[in-house]
Amino acid sequence: MRRILLILAALSAPLALNAQKLLWDVDFKFGFDNREYMKLTTSPSNTTFGAMLAPKVGLGWGEGHSVYAGVDIYKYFGQSDPALSFDYLLYYQFDGKYFKANAGAFPRKRLSGHYPKAFFDEHYFFDGNIEGALLSYTRKWWRIEGAVDWVGCMDEVTRERFSVYSYGQAGAPWLNLSYSFMMTHYAGSGRISGVVDNVWLYPHLSSDLSAFLPRNMYMNIRAGWLQTFQNDRVSGDGYVLPGGFQGEVSIEYWGFGISNTVFAGDNLMPFYYTEDALGIAYGSDLYYGDLFYSTDSGIYDRLEISYHYDFKDFLRLKVASVHHYDGYGWGWQQLVQLTVNLNNFQFPSRNDRHHR
């Protein structure tokens, strides 16, 4: 009987291997982000210039199941220590007809919702991964996604931090009700006690008018209310509720684009310069969005003039001139971003083509 079982196992092994598929995926990013804000005090001038390479290999099986392992390799030009930085990727992925899921340390590009610059600054161009889980469900007239990202694991000096993101919309493309949500839990470390709650909600109307415009012309409009709920439990003063109106308009034709965002309301980052017991400001560990949303003038305008070139579906080059007005003066930002994504679905092997 044992010999028969061994023979059956040997015969079934090739069938099991045939049901599996070797997968590979490579992302590359090159970015130049120069910010000239010398006449402004709301946000500092700085330059980020670097590249990121993210090779991944995986094994796929069944209808959309896969596991991957890989690494994000960062090089910031002019920085010698460390010469390279690494983030490791290990994750499960499922791609179904309606449902998608990730668990582990996986690429941030899996997020597909609209998260405004108030939520994530351009610096997140180089933040390549999420460490946690993501679920999304899409149907014809609605879709929703949610993700949790564990940013900091508490030890003697590191504060415990995690974030929750969600996006949803319902309705036709030309008019739908949408929301963007982010919650950051900023807790203590072995040397620091206290918790800061930071919740952002952006309910808005969204309209994609591309279907009514000439070919290769796109237009999207969003308008809604950006509301935050924030509480520094150390101070004991309770919740503060800064918020305001936000409107966004984007027009694109043959790669040339103009987008404008206007925000009218309160300083959305009231605890940015608050210091803990060690004298360290909460800063960008608590707020991930553009610091211009901390203006106390009551108005912020962001105008972006850009051009992007797409080669097939795996390369995009974007050049942009971004102009910021914080109610007191103008700042100028220049962007160059090159993104490349290559995988075995775009470049199948001979065997893959044979089975299609």
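**Figure 1. Overall view of the protein chain in the predicted model.** Of the 356 residues in the protein chain, 42% are buried. The secondary structure of this predicted model comprises three helices and 16 strands. Along the principal axes, the C-alpha atoms of the protein chain fill a box of roughly 80 × 60 × 45 Å. Among contacts with a separation of 6 or more, 56% join residues that are 24 or more positions apart. The protein chain exposes about 19200 Å², and carbon and sulfur atoms supply 64% of that area. Its side chains include 30 positive and 36 negative ones, and the centres of these two sets lie 13 Å apart.

**Figure 2. Close-up of the cis peptide bond between D81 and P82.** The peptide bond that joins D81 and P82 is cis, with omega about -5 degrees. P82 is placed in the loop that runs between β3 (65-76) and β4 (85-95). Strand β3 also appears in Figure 4, as one of the elements that give two or more residues to the lining of the second largest pocket.

**Figure 3. Close-up of two loop residues with positive phi, W254 and K312.** W254 is not a glycine, yet its phi is positive, near 50 degrees. This residue is found in the loop between β12 (243-253) and β13 (256-265). The relative accessible area of W254 is 51%, and the residue therefore counts as exposed, the cut-off being over 50%. K312, likewise not a glycine, has a positive phi of about 50 degrees. The loop that holds K312 lies between β14 (299-311) and β15 (315-325). K312 is exposed because its relative accessible area is 65%, which is over 50%.

**Figure 4. Close-up of the second largest pocket, with a volume of about 860 Å³.** The lining of this pocket consists of 37 residues, of which H123, Y124, D127, S284 and Y288 are the closest to the pocket centre. Two or more lining residues come from each of β1 (20-36), β2 (46-61), β3, β6 (129-138), β7 (142-152), β8 (161-172), α2 (283-286) and β16 (330-343). Strand β1 gives the most to the lining, with four residues.

**Figure 5. Close-up of the surroundings of D326, a buried loop residue.** D326 belongs to the loop between β15 and β16. With a relative accessible area of 1%, D326 is buried, since the cut-off for this class is under 20%. Apart from residues up to four places away in sequence, D326 touches L40, T42, F292, T295, S297, I299 and Y300. One of these partners, S297, is 29 residues from D326 along the chain, and the two C-alpha atoms are separated by 7.0 Å.

**Figure 6. Close-up of D197 in strand β10.** D197 lies in β10, which spans residues 196-208. Its relative accessible area of 11% places D197 among the buried residues. When neighbours within four places in sequence are left aside, the contacts of D197 are T184, H185, F229, Q230, N231, R233 and Y239. Between D197 and Y239, which are 42 residues apart along the chain, the C-alpha separation is 8.7 Å.

**Figure 7. Close-up of A264 in strand β13.** A264 has a relative accessibility of 35% and therefore counts as partly exposed, a class that lies between the buried limit of 20% and the exposed limit of 50%. Beyond residues up to four places away in sequence, A264 touches G244, F245, G298 and I299. I299 also touches D326, the residue shown in Figure 5. A264 and R215 are 49 residues apart in sequence, and their C-alpha atoms are 34 Å apart in space.

**Figure 8. Close-up of A170 in strand β8.** A170 is partly exposed, its relative accessible area being 42%. Not counting residues up to four places away in sequence, the residues that A170 touches are W141, W142, N176 and L177. A170 and G62 are 108 residues apart along the chain, with 31 Å between their C-alpha atoms. Strand β8, in which A170 lies, is among the elements that give two or more residues to the lining of the second largest pocket.

Methods:
Residues numbered from 1 in each chain as written. Predicted model: local features only at pLDDT ≥ 70, side-chain atom pairs only at ≥ 80, totals over all residues. Heavy atoms only, no water. Buried < 20%, exposed > 50% of the residue type's maximum accessible area, 1.4 Å probe, protein only. Contact = heavy atoms within 4.5 Å. Areas by Shrake-Rupley, 256 points an atom, 1.4 Å probe, with all protein chains shown as cover. Lys, Arg positive; Asp, Glu negative; His and termini not counted. Charge placed at Lys NZ, Arg CZ, Asp CG, Glu CD. 1 Å grid on protein atoms, 1.4 Å probe; cavity = no way out; pocket = protein on both sides within 12 Å on 5 of 7 lines; lining within 4 Å. Points joined across faces, edges and corners; volume = space filled by probe spheres on them.
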